[in-house]
Structures are given as C-alpha cells and as structure tokens.
Protein chains: 2
Amino acid sequence: MISKNIEEKFRLITDYWKPGIVAELNGQLVKLAKLKGAFVWHSHAHEDELFYVHKGTLYMEFRDKTEVVHPGEIIVVPKGVEHNPYTRDDEEVWVMLFEPAATLHTGEVTHEKTDNNQQWI
Amino acid sequence: MISKNIEEKFRLITDYWKPGIVAELNGQLVKLAKLKGAFVWHSHAHEDELFYVHKGTLYMEFRDKTEVVHPGEIIVVPKGVEHNPYTRDDEEVWVMLFEPAATLHTGEVTHEKTDNNQQWI
C-alpha cells in the first residue's frame, strides 16, 4: 500500500524499450517504459494493452492508420491487433502500460528488442 | 484504438465521487473521478484497486495509518483491505482508477455516495 512516484521510477530506467514493473493487481501489471525510435510489428493474441503517454509523443502504427498519442492521452490496443509503436525526431517518450501479467513483450514475434524477463523497479 | 485525452475527460465530470469510465481492457476498467471531502470506509473482497493521482493530494486512510498520495503517484489498495479516501482543505483531487469491471463502488457498504451505475464518459 506504499505510494510510488512515477517520475522517480522513470528515472531508474536506463534502456529504451525495456519496461520496468511498478505495480501488480488482479493479475495485471503496471509498467513504465522509455521509448525512442522504432520498435517491432507484433500483436498479443489474448491480451489488450493500454498505453498512457507521460511525456513526448507516441506514434502507434496499425496496418490501416497511425494514431498520434500525446502526453496525458491513453490508447488501448485490443487483443490480436497488429501494432508498431515508434517515436519521431529522436524524441524520448515515456509511457505507462497496463496489461495482463502473461503478456509477452513482442507477442509471438522474437526480435533483438524482445525482453520477456522484465524486472520490478 | 482511438486515443483519449485524460484532461478533456476530467472536464466532463461534474459530480464528486462519481467515477466515469474511459477504457476497458481484459475485464478491467479505467475510470476517472474528482474527489473532494470525505468518502466512506469500505473494502473490496475480491478486487485490488489502483489510484493514480493526476491533480491534488489524496489521503488514503487505512485502519493503521494514512498514506499521502501526491500528483504523479500511484497507490494500490489490496483486496480485502479497508480504506477511506479523503481530501483536505477543500481541495479538488483528480484520480485515475484501474480496477476489475466487477468492482462495487463502496464494496459491500451502501452509502449515500454509493454509485454502482457508472457511465462511460
């Protein structure tokens, strides 16, 4: 029941695209991640995934369009939907994620950025 | 997959202690609420509940202590733990909640503030 400061937790993250876990509840995890550049196309067959943008502008590319997500905005990527998050102009983007604990980082795709050994911060 | 601006959604809330739903994923709801004054002692037998403070200072009273939760901080209230959120000095506090869709507003307590007919905003 200890409260945790998100900004302080973000400062502990040193690697892009490597989420750190800050809370667990009802089988779901709350994670923080710093994003920069391009990630990888993937989907999660059984898990919806929420992104809350804390800082910077997130581009969420889908097969038919790209959503621009500004600070203070949330976007939910439904299960099974292919998506490819990226940032532009070398900007560092900070996001908070809500997703089931079982969610694999890059779904069924394996990539050099894949990290399924995510740690608490 | 439309992104939603949290500040804009907060502006649609007119009543204190009446959460509005902004997202659903994996059987969980994301809600926004404006809080002012005292709520009511209650617990949720089967649901953990997360509070993210967007604006103002939230006081989360437990039977053995009170946690002070500042803007940008999160607190998770585990299932079964009695809690009583309140604000001080007539301050309006804006929070984002993350909890299972089945969560009752005031648990098994019924109170004049109880609102189990929460709407999307």
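**View 1. A strand of chain A teams up with a strand of chain B.** In this predicted model, strand E1 of chain A lines up antiparallel with strand E7 (residues 73-77) of chain B, and two bridges join them. One of the bridge partnerships links Lys4(A) to Ile74(B). Strands here are DSSP runs of at least two residues, helices (H or I) are runs of at least four, and both are numbered from the N terminus. Two strands count as paired if DSSP finds at least two bridges between them.

**View 2. Here is where chain A meets chain B.** On each side, 35 residues are in contact with the other chain, where contact means heavy atoms within 4.5 Å. Together the chains bury about 2900 Å², with 63% of that on carbon and sulfur atoms; buried area is the accessible area (1.4 Å probe) that two parts lose on being put together, summed over both. Several strands of chain A each supply at least two residues to the side touching chain B, among them E1 (4-5), E3 (28-35) and E9 (93-100). That side of chain A breaks down into 20 nonpolar, seven polar and eight charged residues. Nonpolar covers Ala, Val, Leu, Ile, Met, Phe, Trp, Tyr, Cys and Pro; charged covers Asp, Glu, Lys and Arg; the others, including Gly, are polar.

**View 3. Asn26(A) reaches over to chain B.** You'll find Asn26(A) in the loop between E2 and E3 of chain A. Its side chain gets to the backbone oxygen of Asp48(B) at 2.8 Å. Asn26(A) also touches other residues, including Gln28(B), His46(B) and Pro100(B). Between chain A and chain B, six residue pairs are in polar contact (both at pLDDT 80 or more). A polar contact is a pair of N or O atoms within 3.5 Å; within protein, one must be able to donate a hydrogen and the other to accept it, and residues adjacent in sequence count only if both atoms are side-chain atoms.

**View 4. Glu7(A) and Arg11(A) form a salt bridge.** Their side chains meet at 3.8 Å, N to O. The two are about one helical turn apart because they sit four residues from each other in helix H1 (residues 6-11) of chain A. A salt bridge needs a side-chain nitrogen of Lys or Arg within 4 Å of a carboxyl oxygen of Asp or Glu. The count over all chains is ten, yet zero cross the interface of chain A and chain B.

**Notes.** Residues are numbered from 1 along each chain as its sequence is written, and chains are lettered from A in the order in which they are written. Local features need pLDDT of at least 70, side-chain atom pairs count only at pLDDT 80 or more, totals for chains, interfaces and linings use all residues, and side-chain values use heavy atoms, leaving out hydrogens and water.

Methods
Lists of a residue's contacts leave out its neighbours within four places in sequence.
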